[in-house]
Amino acid sequence: MSGSAPVGPVRLAAFALLTSSLWPARADNASQEYYTALINVTVQEPGRGAPLTFRIDRGRYGLDSPKAEVRGQVLAPLPIHGVANHLGCDPQTRFFVPPNIKQWIALLQRGNCTFKEKISRAAFHNAVAVVIYNNKSKEEPVTMTHPGTGDIIAVMITELRGKDILSYLEKNISVQMTIAVGTRMPPKNFSRGSLVFVSITFIALMIISSAWLIFCFIQKIRYINDRNQRRLGDAAKKAISKLTTRTVKRGDKETDPDFDHCAVCIESYKQNDVVRILPCKCLQGTKKLQSCENNSPSM
């Protein structure tokens, strides 16, 4: 093991940071400048004296839309072969425009085709504006991109408000709408989703890097311990190999039955046992170790 930096976590960190920097740009366009749209809706129900009015403050102009005020009657696409057509993606999409209507606004639902297709199809039928409502109830309006749609005004609103307006149109109730330019919203550096993503990525990388460093540290300690043990073992073998040896013969005092047993083997010395002479003047055999005559401590 060496002290070099762990390559795996470094590469993973670089990849994750690159991904986190690109992901928000693909997921949404919160980093772009946009304009809010202030929308006033007037509903004239038959048999009702005063019209019903309400305001939509969460509208948003499309990125390629003129930022201008417009007013007109709201119209939804006609059914195609008896099937409701809320998306405006079908080439057979048509709108019934009463003869006395000079300016009208198309109401379409998001989904199935691009914003440009929806807006261009409404513009082909002479709509002055297109209001596209979202197809997800909990999602805020986004800044639509629709290059090449000309001077037609395009605005997005929430699904809830869009379906409210559609419910009146399906009952053949007249709905008038006025769209005015609201506030210019500067670009945001990070959306909430991208901030959460980067935070989670950073925490995950910290955990992975910490685990990798701990693993390397443990491996290094094991390597050092093994190396020290090998050194001690080699030194012990070298020291033992330098000790002189002799063979126990008949008549040596070690063969006396009253002589102390080998302190290591706990056995009596026998003739022809090979013993080593220790520095403390003890004798160590292949299986035997003779105790010191002066009762000094053994090895």
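**View 1. D57 in strand 2 of the predicted model**. At 46% relative accessibility, D57 is classed as partly exposed, because exposed residues have over 50%. D57 belongs to strand 2, which covers residues 52-61. The C-alpha atom of D57 lies 8.4 Å from that of G182, although the two residues are 125 residues apart along the chain.

**View 2. The salt bridge between E33 and R184**. The closest N and O atoms of E33 and R184 are 2.4 Å apart. The pair joins distant parts of the chain, with the two positions 151 residues apart in numbering. E33 sits in the loop between helix 1 (7-27) and strand 1 (34-44), while R184 is in strand 7. E33 has a relative accessible area of 30% and is therefore partly exposed. R184 is also partly exposed, with 43% relative accessibility. A search of the whole structure gives 7 salt bridges.

**View 3. The salt bridge between E139 and R110**. The side chains of E139 and R110 meet with an N to O distance of 2.9 Å. This pair, too, links distant parts of the chain, the residues being 29 apart. E139 is placed in the loop between strand 5 (129-133) and strand 6 (153-157). R110 is placed in the loop between strand 4 (104-109) and helix 2 (115-124). E139 counts as partly exposed at 25% relative accessibility, and R110 counts as partly exposed at 22%. Buried would require under 20% relative accessible area, so R110 at 22% does not fall in that class. R110 and E139 are also linked with K136 in a network of salt bridges.

**View 4. The salt bridge between D164 and R161 in helix 3**. The N to O distance between the side chains of D164 and R161 is 3.9 Å, and the pair counts as a salt bridge because the cut-off is within 4 Å. The two residues are 3 residues apart in helix 3, so about one helical turn separates D164 from R161. D164 is partly exposed, with a relative accessible area of 28%. For R161 the relative accessible area is 28%, which again means partly exposed.

**View 5. The second largest pocket and its lining**. The second largest pocket holds about 410 Å³ of space. Its lining is made of 19 residues, and A76, L78, L169, E170 and N172 lie nearest the centre of the pocket. By residue class, the lining divides into 13 nonpolar, 5 polar and 1 charged. Strand 3 (70-75), helix 3 (159-169) and strand 7 (174-185) each supply at least two residues of this lining. Strand 3 gives the most, with 3 residues.

**View 6. A nonpolar surface patch that includes F202**. F202, I203, M206 and I207 form a nonpolar patch on the surface. Together these four side chains belong to residues with about 430 Å² of accessible area. F202 is located in helix 4, which spans residues 192-241. F202 counts as exposed because its relative accessibility is 52% and the class begins over 50%.

Note on methods
Residues are numbered from 1 along each chain as its sequence is written. This is a predicted model: local features need pLDDT of at least 70, side-chain atom pairs count only at pLDDT 80 or more; totals for chains, interfaces and linings use all residues. Side-chain values use heavy atoms; hydrogens and water are left out. Patches are made of residues with over 30% relative accessible area and no salt bridge: like charges are joined within 9 Å, nonpolar side chains (Val, Leu, Ile, Met, Phe, Trp, Tyr) within 5 Å. Accessible areas come from the Shrake-Rupley method with a 1.4 Å probe; for residues, only the protein chains shown count as cover. Helices (H or I, at least four residues) and strands (E, at least two) are DSSP runs, numbered from the N terminus. Buried means under 20% relative accessible area, exposed over 50%, partly exposed in between (1.4 Å probe, protein chains only). On a 1 Å grid over the protein atoms alone, a cavity is a set of points where a 1.4 Å probe fits but cannot get out, and a pocket is an open set with protein on both sides within 12 Å along at least five of seven lines; lining residues have an atom within 4 Å of a point. Grid points are joined across faces, edges and corners, and a volume is the space filled by probe spheres set on the points. Ala, Val, Leu, Ile, Met, Phe, Trp, Tyr, Cys and Pro count as nonpolar, Asp, Glu, Lys and Arg as charged, and the others, Gly among them, as polar.
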